[in-house]
Amino acid sequence: MPLSPKQKPSSQNYERFSQALEEQKQQHLYRELVHSEKKVLFSSNDYLGLSQHPKVVSAAIEALKQWGFGSGSARTLSTHLPVYLALEKALAHTLQKEKALLFSSGYQLNSTLLKTLAKDDTLFFLDKYCHRSLIEGAQNSPGKVFRFKHNDPNHLEELLKKHRHEGKEAWIVTESLFSMQGTRGSLEAIAKLKREYETFLIVDEAHTIGIERSTSDADLVVGGFGKALGGFGGFVAGAELLIDYILNFSPGFLFTTALPPAIVVALHEAIQLLPHLDNQRNALKNNTLLIRNLLNLPDGDHIVPYPVKSAEEALFLSKRLRELGFEVPAIRPPTVPPNGSLLRFSMTALHTESEIEKVSRALKESMS
Ligand SMILES: Cc1ncc(COP(=O)(O)O)c(C=O)c1O
């Protein structure tokens with residue numbers, strides 16, 4: 001039966017949505033998609049330039065010809081292609097874990113993983129700046145969630161002292177390199193607490209895989225292929241038993257179409273290239289050093305946050321830089337905490353010295 005005029009959606013019914021968008025605009029938090037052709041990107045996490053590596057690209061093309069476009073079904077229903085297991089084996093080897101499992105994206109993995117692992121008496125201790133996907137995963141789980149101050153093992157210990165006895169099992173969750181602030185997880189101190197308080201540990205290595213060795217103390221390493229591996233998809237690696245458990249119980253794995261085979265084959269090629277990419281890793285290091293020097297920022301990693309006063313200033317500077325030919329994203333709440341707005345320079349091995357000098361000059365001129 002057709003909807004009566006009363007039931008039909010009208011602009012009136014959409015008012016709440018337009019109001020919310022209007023508020024976003026007023027607070028300088030509105031997001032829109034832009035077309036960035038011909039801009040120099042400081043917004044890409046393709047840290048080693050692998051998305052454009054000729055061997056990776058031709059592996060994808062050959063795989064497309066051999067296996068076709070889509071995978072056609074979920075992994076549990078589609079056991080005929082050898083490429084998935086081959087990538088998982090190579091990945092487990094790279095991460096020095098017994099086994100690895102592919103997911104369609106890091107977000108999909110993280111937002112379902114903690115729920116998959118938890119029971120009512122499970123505790124989660126997450127760094128305050130953990131990626132949204134991990135936080136959602138914890139909040140959607142039956143476990144009890146505690147958030148410790150960013151990179152503050154003392155606060156984590158305080159929470160463990162107070163609450164560890166409340167759960168049979170506890171997981172600490174952190175990241176090797178935080179995606180927006182570019183800060184390092186205090187992994188050594190956390191590993192010590194893990195032993196002292198008998199917890200498990202999950203480390204999200206989305207922003208360091210391919211660039212440095214993995215964290216040996218983690219029970220589970222999670223991450224995505226969309227950064228230094230230049231592709232797409234997510235992964236979890238750990239003891240065979242845990243991976244088997246996740247395979248059997250994770251809705252984010254079971255109820256979704258497997259990654260396209262061409263992506264999987266290209267990722268395998270990228271993983272095999274990793275030991276031979278010292279030149280790219282050195283270029284990334286030098287480019288990071290250069291921009292940090294030019295912008296008077298302290299030493300640090302390839303995620304280079306440039307703090308600004310407000311979301312409005314971040315947006316203004318990002319737009320100005322875009323007009324000048326550079327894509328440098330304005331990172332605003334809720335991606336960062338209130339008052340934590342910043343410009344995020346994502347450095348890659350492919351940036352040239354001249355591009356880095358030009359963007360630094362453009363930023364300084366835009367601020368004066
Ligand atoms: C730390 C971290 N974890 C997980 C994700 C999600 O990964 P994906 O882009 O594969 O969904 C991201 C990506 O933004 C991230 O920065």
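## Ligand shell, sheets and helix pairs

Let's start at the ligand: 13 residues surround it, and the closest are Ser105, Gly106, Tyr107, Ser179 and Gly224. Keep in mind that this is a predicted model. Which helix gives the largest share of the shell around the ligand? That's helix 4 (residues 106–117), which supplies three residues. Sorted by class, the shell has nine polar residues, two nonpolar ones and two charged ones.

Now for the sheet of seven strands. The sheet is open, its pairing is mixed, and the strands come in the order 2-8-7-6-5-3-4. Strand 2 (99–103) and strand 4 (144–148) sit at the edges with a single partner strand each, so one side of each has no neighbour in the sheet. On average, neighbouring strands here are turned by 20 degrees against each other, direction ignored.

Take a look at the strand 4 edge. Strand 3 (residues 122–127) runs parallel to strand 4, and five bridges join the two. If you want a spot to click on, Phe125 stands opposite Phe146 in strand 4. Helix 6 packs on the sheet here, touching strand 3, strand 4 and strand 5 (169–175). The direction of helix 6 makes about 150 degrees with that of strand 4.

Over at strand 2, you'll find helix 3 (residues 83–95), which lies across strand 2, strand 7 (220–224) and strand 8 (234–238). Helix 3 runs at about 125 degrees to strand 2.

There's also a sheet of three strands, open as well, with the order 9-12-11 and antiparallel pairing. Its edge strands are strand 9 (303–307) and strand 11 (330–331), each pairing on one side only. Strand 11 and strand 12 (residues 342–346) run antiparallel and are joined by two bridges. What stands opposite Ile331 in strand 12? It's Leu342.

Next come two helix pairs, set out in the table.

| Helix pair | Angle | Axes apart |
|---|---|---|
| Helix 6 (residues 153–163) and helix 7 (residues 187–196) | about 15 degrees | 10 Å |
| Helix 12 (residues 311–323) and helix 13 (residues 353–367) | about 130 degrees | 10 Å |

Start with helix 6 and helix 7, which pack at an angle of about 15 degrees. Why does helix 6 count as roughly parallel to helix 7? Angles under 35 degrees count as roughly parallel, and that is why helix 6 is roughly parallel to helix 7. Their crossing is right-handed. On the helix 6 side, the contact is made by Pro153, Leu156, Glu157 and Leu160, while helix 7 brings Ala189, Ile190 and Leu193. By class, the residues of this contact split into six nonpolar and one charged, with no polar ones.

Helix 12 and helix 13 pack at about 130 degrees, which means that helix 12 is oblique to helix 13. The crossing of helix 12 and helix 13 is right-handed. Leu317, Arg320 and Leu321 of helix 12 meet Val359, Ala362, Leu363 and Ser366 of helix 13. The residues of this contact divide into five nonpolar, one polar and one charged.

Conventions. Residues are numbered from 1 along each chain as its sequence is written. This is a predicted model: local features need pLDDT of at least 70, side-chain atom pairs count only at pLDDT 80 or more; totals for chains, interfaces and linings use all residues. Two strands pair if DSSP finds at least two bridges between them. Helices (H or I, at least four residues) and strands (E, at least two) are DSSP runs, numbered from the N terminus. A residue is near a molecule or strand if its C-beta atom, placed from the backbone, lies within 6 Å of it. Ala, Val, Leu, Ile, Met, Phe, Trp, Tyr, Cys and Pro count as nonpolar, Asp, Glu, Lys and Arg as charged, and the others, Gly among them, as polar. Axes are lines fitted to C-alpha atoms, for helices over the stretch in contact, and angles run from 0 to 180 degrees between N-to-C directions. Angles under 35 degrees count as roughly parallel, over 145 as roughly antiparallel, 65 to 115 as roughly perpendicular and the rest as oblique. A crossing is left-handed if the near helix is turned anticlockwise from the far one by less than a right angle, and right-handed if clockwise. Two residues are in contact if their C-beta atoms, placed from the backbone, lie within 7 Å.
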